[in-house]
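Open the model in your viewer and keep the selection tool at hand. This tour goes stop by stop, with something to select at each one.

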Amino acid sequence: MDNFPPGFAHYPHYFDASQQNALILAVKSGVEQAPFFVPRMPRTGTPMSVVLSNFGALGWVSDKDKGYRYDPVHPTTGKPWPAMPELLLDLWDNVTGYEAQPECCLINWYKDGAKMGAHIDNDEQDTRAPVVSVSLGDPAMFRMGGPKRGGPTQGLKLFSGDVVVMAGESRFCYHSVSKVFYGESALVPRGGRINLTLRRVALP
Ligand code: SIN
Ligand code: FE2
């Protein structure tokens, strides 16, 4: 992690096994109300390889016609997203100390072969707020680049229970998930990796 951009932090095994189980149970009950959906790329409609759901007042969604955005309701049920678990609000307070709470927790489920292409999180109005992410289940190779697409990247293997914070300069750097080590963890009931990403959307 020596040359990671300023503002990047990694907390290995922030959540212990019982907290990881509690988070998986929260996801399980959340997706009963707000089922995983397949996000599609703006314009082309190409499906992404992860499936998504959300907790909180605002959910991150994407489809062919309207593209990336935050929406207070689920794209197919039309219902509000389930409430943000308390454990995640506590995490946010502990690692960010930020003045306002996150309205969104995106739930990314990486099944066998899923990855995430290089991107910067920039659909939020409040880009001063850090982005906080939690890894659950199978390990993954997270890659961090710089503020320009296509520059050199550095890898960091993330394990279940790990937390990553992107604040400061790192908040504006390209990052991706190049590989999931599928089948190495038994935590996720239907297999794979769950990533929970907490974001503050509106200006406080
Ligand atoms: C993301 O940056 O959107 C996801 C990161 C991860 O899955 O660890
Ligand atoms: Fe991201």
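Helices and strands here are DSSP runs, numbered from the N terminus. Arg-43 can be placed in those terms: Arg-43 sits in the loop between H1 and S2. Keep in mind throughout that this is a predicted model.

**Stop 1: two loop residues with positive phi**

Stay on Arg-43. Its phi is positive, about 70°, although Arg-43 is not a glycine. Most residues other than glycine have a negative phi. Is Arg-43 buried or exposed? Arg-43 counts as exposed because its relative accessible area is 70%, and the cut-off for exposed is over 50%.

Now select His-13. This residue lies in the loop between strand S1 (8-11) and H1. Its phi is near 50°, again a positive value in a residue other than glycine.

**Stop 2: the iron site**

Select the iron ion (ligand 2). Which residues coordinate the iron ion? They are His-119 through NE2, Asp-121 through OD and His-175 through NE2, at 2.1 to 2.2 Å. Along the chain, the donors follow the spacing H-x1-D-x53-H. Asp-121 is in the loop between strand S6 (116-119) and strand S7 (131-137), while His-175 is in strand S11, so the pair ties together parts that are 54 residues apart in sequence. Both Asp-121 and His-175 are buried.

Look at the geometry next. The 4 donor atoms around the iron ion (ligand 2) subtend angles of 88 to 175°, so the arrangement is irregular. A tetrahedral call would need all angles between 85 and 135 degrees.

**Stop 3: strand S11 and its partners**

Select S11, residues 175-180. S11 pairs with S6 in the antiparallel sense, over 2 bridges. S11 also runs antiparallel to strand S8 (residues 140-144), joined by 5 bridges.

Click Val-177 in S11. Which residue of S11 is the bridge partner of Met-116? Val-177 is that partner. Val-177 is also the bridge partner of Phe-142.

Move to Ser-176, in the same strand, S11. Ser-176 counts as buried because its relative accessibility is 13%. Leaving aside neighbours within four places in sequence, Ser-176 is in contact with Met-116, Gly-117, Ala-118, Met-141, Phe-142 and Arg-143.

**Stop 4: strand S8**

Select S8. How many of its 5 residues are buried? The count is 4, and S8 is mostly covered. One pairing takes S8 to strand S9 (residues 154-158), antiparallel and over 5 bridges. There, Ala-140 stands opposite Leu-158 in S9. Met-141 stands opposite Lys-179 in S11.

**Stop 5: the nonpolar cores**

Select Leu-88, Leu-91, Val-134, Ile-194 and Leu-196. Of the 31 residues in the largest nonpolar core, these touch the most other members. Several elements each supply at least two residues of this core, among them helix H1 (17-33), helix H2 (86-96) and strand S12 (193-199).

Zoom in on Val-134. Not counting residues up to four places away in sequence, Val-134 touches Phe-15, Leu-23, Leu-88, Leu-91, Asp-162, Val-163, Ile-194, Asn-195 and Leu-196. Apart from this core lies another, of 28 residues, including Ala-34, Ala-140, Val-164 and Cys-173.

**Stop 6: a cysteine pair without a bond**

Select Cys-104 and Cys-105. The closest cysteine sulfur to that of Cys-104 is in Cys-105, 6.7 Å away, too far for a bond. A disulfide needs the two sulfur atoms within 2.5 Å. Cys-105 is accordingly in no disulfide. The count of disulfides comes to 0. Cys-104 counts as buried because its relative accessibility is 0%. Cys-105 is buried too, with a relative accessible area of 0%.

**Stop 7: a buried loop glycine**

Finish at Gly-56. Where does Gly-56 lie? Gly-56 is in the loop between strand S2 (51-55) and strand S3 (59-63). Gly-56 is buried because its relative accessible area is 10%, and the cut-off for buried is under 20%. Setting aside neighbours within four places in sequence, the contacts of Gly-56 are Trp-81, Pro-82, Ala-83, Met-84 and Glu-103.

For a last distance, select His-10 as well. Gly-56 and His-10 are 46 residues apart along the chain, and their C-alpha atoms are separated by 24 Å.

How values were computed:
Residues are numbered from 1 along each chain as its sequence is written. Chains are lettered from A and ligands numbered from 1 in the order in which they are written. This is a predicted model: local features need pLDDT of at least 70, side-chain atom pairs count only at pLDDT 80 or more; totals for chains, interfaces and linings use all residues. Side-chain values use heavy atoms; hydrogens and water are left out. Buried means under 20% relative accessible area, exposed over 50%, partly exposed in between (1.4 Å probe, protein chains only). Contact means heavy atoms within 4.5 Å. Donors are N, O and S atoms within 2.8 Å of the metal (3.2 Å for Na, K and Ca); water is not among the atoms, so sites may look incomplete. Four donors count as tetrahedral if all angles lie between 85 and 135 degrees; four count as square planar and six as octahedral if opposite donors are over 155 degrees apart and all others between 65 and 115; anything else is irregular. A nonpolar core is a set of buried Ala, Val, Leu, Ile, Met, Phe, Trp, Tyr and Cys residues joined through side-chain atoms within 4.5 Å. Two strands pair if DSSP finds at least two bridges between them.
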